[in-house]
Amino acid sequence: MIEYLEQILVAGNLRLHHLSDGQFVLQRSDRLEARGKQSGLGLDVYDAYTGQNRDVKSLSGGEKFNASLALALGMADVIQAHQGGVSIEMMFIDEGFGSLDEESLHKAIAALVDLQRSGRMIGVISHVQELKMAFPAILEVKKTKEGHSRTSIVLR
């Protein structure tokens, strides 16, 4: 288990380096968790701007979203790289983009577009207009006055 976490951290940190302009590096924590136990699965973040480690819980909303996105993509990379021919061709990402500043949003969009170009299908659930403009096909869900939802597919 720990070996997989280490591999996921390496792959995730490659993506987080780009998303955070090199500010953050995720690391396993040896901090004692609840009830004095060392779980080995806790995470800290090294902040290159301050030169200090801190708990990932101290990250802002947008920073947490980028760290989560980087870890999810890193996990997909590790799963695909292992024997057995497992292929992750589709990913869904639900919200979180609204917490990003403009520059971070553009970097996250670019990372997802790159994944899409590499052959993966990316599903994004979001209200952020810039995301809607970034992808060639949109399944739009609109609420009607009657309390129902109507869907339409928009192709660009």
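Me: Which residue offers the backbone nitrogen that the side chain of T50 reaches?

Reply: Start with the place: T50 is found in the loop between β2 and β3, where helices (H or I, at least four residues) and strands (E, at least two) are DSSP runs numbered from the N terminus. The link falls under polar contacts, meaning a pair of N or O atoms within 3.5 Å; within protein, one must be able to donate a hydrogen and the other to accept it, and residues adjacent in sequence count only if both atoms are side-chain atoms. At 3.3 Å from the side chain of T50 sits the backbone nitrogen of Q52.

Me: Before going on, what pLDDT do local features need in this model?

Reply: Residues are numbered from 1 along each chain as its sequence is written, and side-chain values use heavy atoms, with hydrogens and water left out. This is a predicted model, in which totals for chains, interfaces and linings use all residues, side-chain atom pairs count only at pLDDT 80 or more, and local features need pLDDT of at least 70.

Me: Back to T50: how far is its C-alpha from that of Q23?

Reply: Along the sequence, T50 and Q23 are 27 residues apart. In space, their C-alpha atoms are separated by 9.0 Å.

Me: Which strands stand at the edges of the three-stranded sheet?

Reply: This open sheet has the order β1-β2-β3 with antiparallel pairing, and two strands count as paired if DSSP finds at least two bridges between them. An edge strand has a single partner, so one side of it is left without a neighbour in the sheet; that holds for β1 and β3.

Me: And by what angle are neighbouring strands of this sheet turned against each other on average?

Reply: Axes here are lines fitted to C-alpha atoms (for helices over the stretch in contact), and angles run from 0 to 180 degrees between N-to-C directions. The sheet average ignores direction, and comes to 35°.

Me: How many bridges join β2 and β3, and which residue stands opposite D47?

Reply: β2 and β3 pair in the antiparallel sense over four bridges. The partner of D47 lies in β3, and it is Q52.

Me: Is S29 buried or exposed?

Reply: S29 lies in the loop between β1 (24–28) and β2 (43–47), and its side chain has a polar contact of 3.4 Å with that of D44. Buried means under 20% relative accessible area, exposed over 50%, and partly exposed in between (1.4 Å probe, protein chains only). S29 has 5% relative accessibility, and therefore counts as buried.

Me: What is the phi of D21?

Reply: D21 lies in the loop between α1 (2–19) and β1, and at 47% relative accessibility it counts as partly exposed. Most residues other than glycine have a negative phi. D21 is not a glycine, yet its phi is positive, near 55°.

Me: Which element gives the most to the lining of the largest pocket?

Reply: A pocket is found on a 1 Å grid over the protein atoms alone, as an open set of points where a 1.4 Å probe fits, with protein on both sides within 12 Å along at least five of seven lines; lining residues have an atom within 4 Å of a point. The largest pocket has 23 lining residues, of which V124, I125, A137, I138 and L139 lie nearest its centre. β4 (90–94), β5 (121–125), α4 (129–134) and β6 (137–143) each supply at least two residues. With six residues, the top contributor is β6.

Me: What volume does this largest pocket have?

Reply: Grid points are joined across faces, edges and corners, and the volume is the space filled by probe spheres set on the points. For the largest pocket this gives about 730 Å³.

Me: How many of the residues of β7 are buried?

Reply: β7 (residues 149–155) pairs with β6 in the antiparallel sense over seven bridges. Across this pairing, K143 stands opposite S149, and E140 opposite S152. Strand β7 is hardly covered, though: among its seven residues, the count of buried ones is zero.

Me: And which residue takes a positive phi in the hairpin of β6 and β7?

Reply: There are five residues between the two strands of this hairpin. The positive phi, near 90°, belongs to G147.
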